[in-house]
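Colleague: I am new to this structure and would like a close look at a single part of it. Please take one helix and describe how it sits against its neighbours.

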Amino acid sequence: MLRIDRIMKEKNLTANELGKRMGVTAQYVSEVANEKKNITIAGIQKFAKAMEVPMAALFDGYYEPEMRVAEDGFTCPYCGHIIKVSKGE
């Protein structure tokens, strides 16, 4: 299941605006977003580029971890280790 519709809402994109970015009709965008039309990997890539998101973001289950600030650096969003930051002296 693709997340095109959800990302369009998050980015306040209309089918018409997204279609213009991609060089396709708003109807095509709507049909793909509502899963009424099949799409190729190349098509998914076009949607991702037009919406300025990684291709993986269009798929359910995509998770973009956040980097958290720790007391003496940052916490790695993938492994949880602290990445220490020192001030240049």
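Modeller: The model is predicted. I will take helix α2, beginning with its packing against α4. The two are roughly perpendicular to each other, because the angle between them is about 110 degrees and angles of 65 to 115 degrees count as roughly perpendicular. Helix α2 covers residues 15–22 and helix α4 covers residues 41–51, and their axes lie 9 Å apart.

On the α2 side, the residues that meet α4 are Leu18, Arg21 and Met22. Their partners in α4 are Lys46, Phe47, Ala50 and Met51. Sorted by class, the residues of this contact are 5 nonpolar and 2 charged, with no polar ones.

Helix α2 also packs against helix α3, which spans residues 26–33. Here the axes come within 8 Å and cross at roughly 110 degrees, which makes α2 roughly perpendicular to α3. From α2, the contact uses Ala15, Asn16, Leu18 and Gly19; from α3, it uses Ala26, Val29 and Ser30. This contact has 4 nonpolar and 3 polar residues, and no charged ones. Leu18 is named in the contact with α4 and again in the contact with α3.

Arg21, one of the α2 residues that meet α4, also forms a salt bridge with Glu17. The closest N and O atoms of that pair are 3.3 Å apart, and the pair counts as a salt bridge because the cut-off is within 4 Å. Both residues belong to α2 and are 4 residues apart, about one turn of the helix. Arg21 has a relative accessibility of 43% and so counts as partly exposed. Glu17, with a relative accessible area of 35%, is partly exposed too.

For context outside α2, the count of salt bridges comes to 3. One of them joins the side chains of Asp5 and Lys9, at 3.3 Å from N to O. These two are 4 residues apart in helix α1, residues 4–10, and so are separated by about one helical turn. Asp5 is partly exposed at 27% relative accessibility, whereas Lys9 is exposed, with a relative accessible area of 59%. Another salt bridge links Lys37 with Glu31, where the closest N and O atoms are 3.8 Å apart. Lys37 counts as partly exposed at 37% relative accessibility, and Glu31 counts as partly exposed at 23%.

Technical notes:
Residues numbered from 1 in each chain as written. Predicted model: local features only at pLDDT ≥ 70, side-chain atom pairs only at ≥ 80, totals over all residues. Heavy atoms only, no water. Axes fitted to C-alpha atoms, helices over the stretch in contact; angles between N-to-C directions. Parallel < 35°, antiparallel > 145°, perpendicular 65-115°, else oblique. Contact = heavy atoms within 4.5 Å. Nonpolar A, V, L, I, M, F, W, Y, C, P; charged D, E, K, R; others polar. Buried < 20%, exposed > 50% of the residue type's maximum accessible area, 1.4 Å probe, protein only.
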